[in-house]
Amino acid sequence: MSQKIGLRMVEASGSHHEMGFKLGERCKDLAESMMEDMGIRVKAAGTTWDRAVYNARKHLPFAEEFDSEYVEWVRGYAEGSGLKFEDLFVYFCQEAGGGLCTDIAVNNEVTSDGSVLSAHTEDWRPIDEKHLVLVSGKPKGEPAFLAMTLGGLQIDCGLNSAGISLTGNSLFPSDVRIGVPKEFVARKILASKAIGDAIRAAVPEKRGSSYNNNLCDSSGEIYSLEGSATDFCALYAHEGYLVHTNHYLSDKMAKYEAAFQRAKEKSPGADADSIIRRNRALRLLKRELGKVTVASLANILSDHVNYPNSICRHTDESVQPLEQYKTIFSIIIDVTHLKVLVCRGNPCVGKYNEYTL
């Protein structure tokens, strides 16, 4: 069955402030909805909005030092949308409870045509499916990019014209602190012109926390940057492929693993889900080694073993609404040919549409 759902796409160019203004102007309705939802979550966490703004303000000097261009993007977005910068910045500083994603990256050693491909399911809050925006950006003096975003504000994953791609998974390290918001690294990664620049951007020294950032370049270099606030480990795709979900794989980072303990409090079995999804994706991928294609990756992303907490995740109605997650989009990035294929919603019932950089 094919479910055709439109994806909003916005083009923006110029300075980062100019880009932010246009995105805020075009996505004002989404921004208002995102802030309303964030208000609900802040209240559910037992705090006030004023306190959330106060806490976010502590992160701002670190964000400005690390990436003043993205801060200007957010300031421009605030002007374009008519919302307050201080309120929007809260969106970057709430330590979320658990996006549960699956990532696969392969290079020319294992694909059928020698392409470098990166695949990702974005398992996030169901409400955010309506907030998805594909941004086609042409920042002044930087590589052009295609990026999946929430409301044109927060960058999730993407590809740039220098042949650098980014996807990622949530991790739950025990050393979270005040610092560069982990959502801030994506823009700088997509501004990178070489894989080394992207790696450095992924693990800023004064970061407050970290995702696991999966990076590829068009030559076939593939790294998974498992990070915490104070440490990281670079996993390399020695055999031409890499699979990552939501737990640390490296022995070095295991001591920071707070994911299982925290996840069990909110969603019993969430630790097992991450292990199952990784092993399942790895098993299915190994069947295809040497002949991996976009189609075979799409099939893996649609897998339902351990439903509803499968690679293609569906809403678990037994979980209270604020802790529910589903696959709100999946993406397959063709780093070699500078294009992305995006399916909004669950890939088992969706359709991939192609966008070229």
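Lys188 lies over the face of Phe66, 4.4 Å from the ring centre. A second lysine does something you can compare with this: the charged end of Lys182 sits over the ring of Tyr211, at 4.6 Å from its centre. Keep in mind as you look around that this is a predicted model.

**Rings that pair with rings**

Now let us turn to rings that meet other rings. A pair of aromatic rings is described by the distance of the centres and the angle of the planes. How many aromatic pairs does the count come to? The count comes to 10 aromatic pairs. Two of them are set out here.

| Pair | Arrangement | Centre to centre | Angle between planes |
|---|---|---|---|
| Tyr70 and Phe92 | edge-to-face | 5.5 Å | 80 degrees |
| Trp73 and Phe145 | stacked | 6.3 Å | 20 degrees |

Try finding these residues along the chain. Tyr70 belongs to helix H4 (residues 68-81) and Phe92 to helix H5 (residues 85-93), so this pair ties together parts that are 22 residues apart in sequence. Trp73 is in helix H4 too, while Phe145 is in strand E5 (residues 145-150), so their pair ties together parts that are 72 residues apart in sequence.

Are Tyr70 and Phe92 buried or exposed? Both Tyr70 and Phe92 are buried. Trp73 has a relative accessible area of 0%, so Trp73 is buried. Phe145 counts as buried because its relative accessibility is 4%, and the cut-off for buried is under 20%.

These residues also belong to a wider group: ring pairs link Tyr70, Trp73, Phe85, Phe89, Phe92, Phe145 and Phe184 into a cluster.

**A look at Arg8**

Let us finish with an arginine. Arg8 lies in strand E1, which covers residues 8-14. With a relative accessible area of 32%, Arg8 is partly exposed, because that label covers values between 20% and 50%.

Which residues does Arg8 touch, not counting those up to four places away in sequence? Arg8 touches Arg26, Cys27, Asp29, Leu30, Leu132, Val133 and Leu134. With one of these neighbours there is a polar detail to look for: the side chain of Arg8 reaches the backbone oxygen of Arg26 at 3.2 Å.

For a sense of distance, pick out Arg283 as well. Arg8 and Arg283 are 275 residues apart along the chain, and their C-alpha atoms are separated by 34 Å.

Technical notes: Residues numbered from 1 in each chain as written. Predicted model: local features only at pLDDT ≥ 70, side-chain atom pairs only at ≥ 80, totals over all residues. Heavy atoms only, no water. Helix = DSSP H or I, 4+ residues; strand = E, 2+ residues; numbered from the N terminus. Buried < 20%, exposed > 50% of the residue type's maximum accessible area, 1.4 Å probe, protein only. Contact = heavy atoms within 4.5 Å. Polar contact = N/O pair within 3.5 Å; in protein donor to acceptor, adjacent residues only side chain to side chain. Phe/Tyr/Trp six-rings, centres within 6.5 Å; stacked < 30°, edge-to-face > 60°. Lys NZ or Arg CZ within 6 Å of the ring centre and 35° of its normal.
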